[in-house]
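Reader: I'd love a close look at one part of this protein, the barrel and how its strands are joined. Could you walk me through that part, and then show me how that part sits in the whole chain?

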Amino acid sequence: MPTIRSDLPALVLDSIDHGESDKIVTFFCQDIGKLTAIAKGAHRSKKRFLNKLELFTFLQISYSKSSPASLSVLSEAELLNSFISLRSNLPCYRTASIIREFMLLATGETINDDNVFKLALWTLHSLDRGDNPKRVLSLFLVKLFDFIGYRPDFAFCQGCGKEPGNGNPATFSVQTGGLVCRECMAQDPNSARILTPGTTHMIRAIQQQPISRLNRFKPGGMVLQQILDCFYRYGRHLFQREIHSWKCMDG
Ligand SMILES: [Zn+2]
């Protein structure tokens, strides 16, 4: 049975030339998650796909698929938002590239969590209107791992099960995906990257809020650095891969 979908909201995550006139495009779509489709005649077609298949573009697409094993064919793409300001701001563009890499690594063909789609959209809108790129990235990462089912535990020590006392520093273990308290930390001198109480408090607060309330969080300074460091290392560990775009981050 052929599949035909129309007017599906989608973000462009990847776009590569295929042959002389086609493109293979990877989308992240509302309802269905990741989708790879061929855009036939993308180079020739003056109108249909012009300037629409760039990275990060927000579209409404229509496609067909003749059988489960065949490649989807893009039939229409209507531009909803090209995030034009994001493209002319290098720190924002680089941050969007990191978000794109995490999306490609984290979302299999079958992940269709609408929260992931909404989160990606929120992130691109925030970068496009000029919000602090590192701050936007930190909020994206805390929520992303939550939505894909790998929410790290910042409440209880993964060694002894106790809640690190108020005001006590702890560390984050990528292996166990959670906090390690000061006493348990002393037994493992390798995991000596200290998280201040302000950082664990901030992460827990972000984890508990929906996307619509992310704008109220303004992590900065050391808290922001520690959040980014935790989730970068956590991502590398979970995906068993280097996050290449991370090297291009400023500062
Ligand atoms: Zn402990």
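Author: Let's start with β3 and strand β5 (residues 72–81), which run parallel and are joined by two bridges. Two strands count as paired if DSSP finds at least two bridges between them. Strands here are DSSP runs of E with at least two residues, helices are runs of H or I with at least four, and both are numbered from the N terminus. Across this parallel pairing, A37 stands opposite S72 in β5. A word on the source: this is a predicted model, in which local features need pLDDT of at least 70 and side-chain atom pairs count only at pLDDT 80 or more, while totals for chains, interfaces and linings use all residues. Residues are numbered from 1 along each chain as its sequence is written.

A37 is also the bridge partner, in β3, of V25. That takes us to strand β2 (residues 22–29), which runs antiparallel to strand β3 (residues 33–39) and is joined to that strand by seven bridges. β2 and β3 make a hairpin with three residues between them, and D31 in the turn has a positive phi of about 75 degrees.

On the other side of our starting pair, β5 pairs with β4 in the antiparallel sense over seven bridges, with Y63 standing opposite L74 in β5. These two strands form a hairpin as well, with six residues between them. Strand β4 (residues 58–65) is in turn joined by seven bridges to strand β1 (residues 3–18), and the two run antiparallel. Here T3 stands opposite K65 in β4.

Put together, five strands close into a barrel in the order β1-β2-β3-β5-β4, with mixed pairing. From one strand to the next, the twist averages 50 degrees; the axes are lines fitted to C-alpha atoms, and angles run from 0 to 180 degrees between N-to-C directions.

Now for the wider chain, which is divided into domain 1 (3–82) and domain 2 (87–242), with bounds that come from an automatic or database domain assignment. The centres of the two domains, taken over C-alpha atoms, are separated by 30 Å. Twelve residues of domain 1 are in contact with 15 residues of domain 2, where contact means C-beta atoms, placed from the backbone, within 7 Å. On the side of domain 1 that touches domain 2, β1 and β3 are the elements that give two or more residues, and β1 gives the most, with three.

The two domains also share a core. The largest nonpolar core has 60 residues, and L11, V12, F27, F28, I99, A120 and F140 have the most contacts inside it. Such a core is a set of buried Ala, Val, Leu, Ile, Met, Phe, Trp, Tyr and Cys residues joined through C-beta atoms within 7 Å; a residue is buried if 20 or more other C-beta atoms lie within 10 Å of its own, exposed if 12 or fewer, and partly exposed in between, with C-beta atoms placed from the backbone. Helix α4 (residues 133–147) gives the most to this core, with eight residues, and each of domain 1 and domain 2 supplies at least three. F28 is a good residue to look at: leaving aside its neighbours within four places in sequence, its contacts include L11, K34, M103 and A120.

Definitions and conventions:
Two residues are in contact if their C-beta atoms, placed from the backbone, lie within 7 Å.
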